[in-house]
Amino acid sequence: MFFHRSLVFGASTFAMVPLLVLAVSPPWEGGRRHGELFVAGSADDASLRRRIAALSPTVSPDDARRVAYAAYMTGLELRREWHVVWLPGVQNLLVNMGARKGGLCFQWATELLVRLDALKLQTLELHWAESFANTNGEHNVIVVTARGQAFEKGILLDNWRYSGHLVWTQVAMDPEYHWTENKSELARRLGRARDVASKQLRSTMKSN
């Protein structure tokens with residue numbers, strides 16, 4: 001995503017934004033719940049683990065724990081690697097100016113997808129979700145469901161919205177976005193990631 005629909009600023013607008021506005025306390029500092037959005041407090045966030053495990057009696061608590069851990073750590077690690085700033089729209093601008101390596105919403109989602117796929121989850125499925133598709137306000141996240149469960153029942157995992165701090169909620173309860181599933185995009189991104197990994201492996205084997 002280039003811009004959050006509530007943060008649609010051009011470069012000239014950013015230059016005029018008072019520093020006081022940009023210094024407003026980030027939302028994660030005021031508490032862990034914001035409307036129907038939740039902010040994970042740690043890599044072992046009990047609320048998130050319980051919500052994922054509660055998707056179905058078939059969900060393994062260990063799978064739920066590993067997903068929660070990976071989603072939280074993805075945000076933490078990439079926030080440092082990409083030198084992420086608040087607000088997310090500012091990070092988007094910096095990426096598009098070439099001043100940051102990453103931080104667009106689809107980059108967050110892709111990185112999380114690849115890491116979750118590598119877990120080889122037995123009781124959970126991954127979904128690519130999009131809102132405001134094909135517009136400047138498009139946003140992408142990863143949704144996790146129990147095996148065979150409807151997309152709309154899943155839990156969304158969003159590292160972009162709060163600048164690397166993991167936001168989660170039930171798909172249908174998001175107060176800011178209406179989510180739809182894109183299965184072909186999921187397959188495309190996973191296929192590309194696996195191709196890259198395969199090429200790297202072949203290159204490593206040749207060099208050895």
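Trainee: Before we look at helix H4, how is the expected span of a helix worked out?

Mentor: Take one less than the number of residues in the helix, and multiply by 1.5 Å. Keep in mind that this is a predicted model. For H4, residues 61–81, that rule gives an expected span of 30 Å.

Trainee: OK, so how far does H4 reach from its first C-alpha to its last?

Mentor: H4 has 21 residues. At 1.5 Å a residue you'd expect 30 Å, and the model comes close to that. The reach is 30 Å.

Trainee: What goes on at the two ends? Which residue just after H4 takes a positive phi?

Mentor: At the start, a side-chain oxygen of Ser60 comes to within 3.1 Å of the backbone nitrogen of Asp62. Just after the helix there's a phi of about 55 degrees, and the residue that takes it is His83.

Trainee: Which strands do the buried residues of H4 pack against?

Mentor: The buried set includes Asp63, Ala64, Val67, Met73 and Leu78. The buried residues of H4 pack against two helices, H3 (46–53) and H6 (105–117). On the strand side, their partners are E3 (124–131), E5 (155–162) and E6 (165–170).

Trainee: How do H3 and H4 sit against each other: parallel, antiparallel, perpendicular or oblique?

Mentor: Their axes are 8 Å apart, and the packing angle is about 135 degrees. That angle falls outside the ranges for the other three words, so H3 and H4 count as oblique. In H3, Leu48, Arg49, Ile52 and Ala53 do the meeting, and in H4 it's Ala64, Arg65, Val67 and Ala68. As for the handedness of this crossing, it's right-handed.

Trainee: And H4 with H6: is that crossing left-handed or right-handed?

Mentor: H4 and H6 pack at about 135 degrees, with axes 10 Å apart. They are therefore oblique to each other. The contact involves residues including Val67, Ala70 and Met73 of H4, and Trp108, Leu112 and Leu116 of H6. The crossing is right-handed.

Trainee: Val67 keeps turning up. Why does Val67 count as buried?

Mentor: Val67 is found in helix H4. The cut-off for buried is under 20% relative accessible area. Val67 counts as buried because its relative accessibility is 0%.

Trainee: What separates the C-alpha atoms of Val67 and Leu116?

Mentor: Leaving out residues up to four places away in sequence, Val67 touches Ile52, Leu116, Leu119, Leu121, Leu124 and Leu157. Val67 and Leu116 are 49 residues apart along the chain. Their C-alpha atoms are separated by 6.6 Å.

Note on methods:
Residues are numbered from 1 along each chain as its sequence is written. This is a predicted model: local features need pLDDT of at least 70, side-chain atom pairs count only at pLDDT 80 or more; totals for chains, interfaces and linings use all residues. Side-chain values use heavy atoms; hydrogens and water are left out. Helices (H or I, at least four residues) and strands (E, at least two) are DSSP runs, numbered from the N terminus. Buried means under 20% relative accessible area, exposed over 50%, partly exposed in between (1.4 Å probe, protein chains only). Contact means heavy atoms within 4.5 Å. A polar contact is a pair of N or O atoms within 3.5 Å; within protein, one must be able to donate a hydrogen and the other to accept it, and residues adjacent in sequence count only if both atoms are side-chain atoms. Axes are lines fitted to C-alpha atoms, for helices over the stretch in contact, and angles run from 0 to 180 degrees between N-to-C directions. Angles under 35 degrees count as roughly parallel, over 145 as roughly antiparallel, 65 to 115 as roughly perpendicular and the rest as oblique. A crossing is left-handed if the near helix is turned anticlockwise from the far one by less than a right angle, and right-handed if clockwise.
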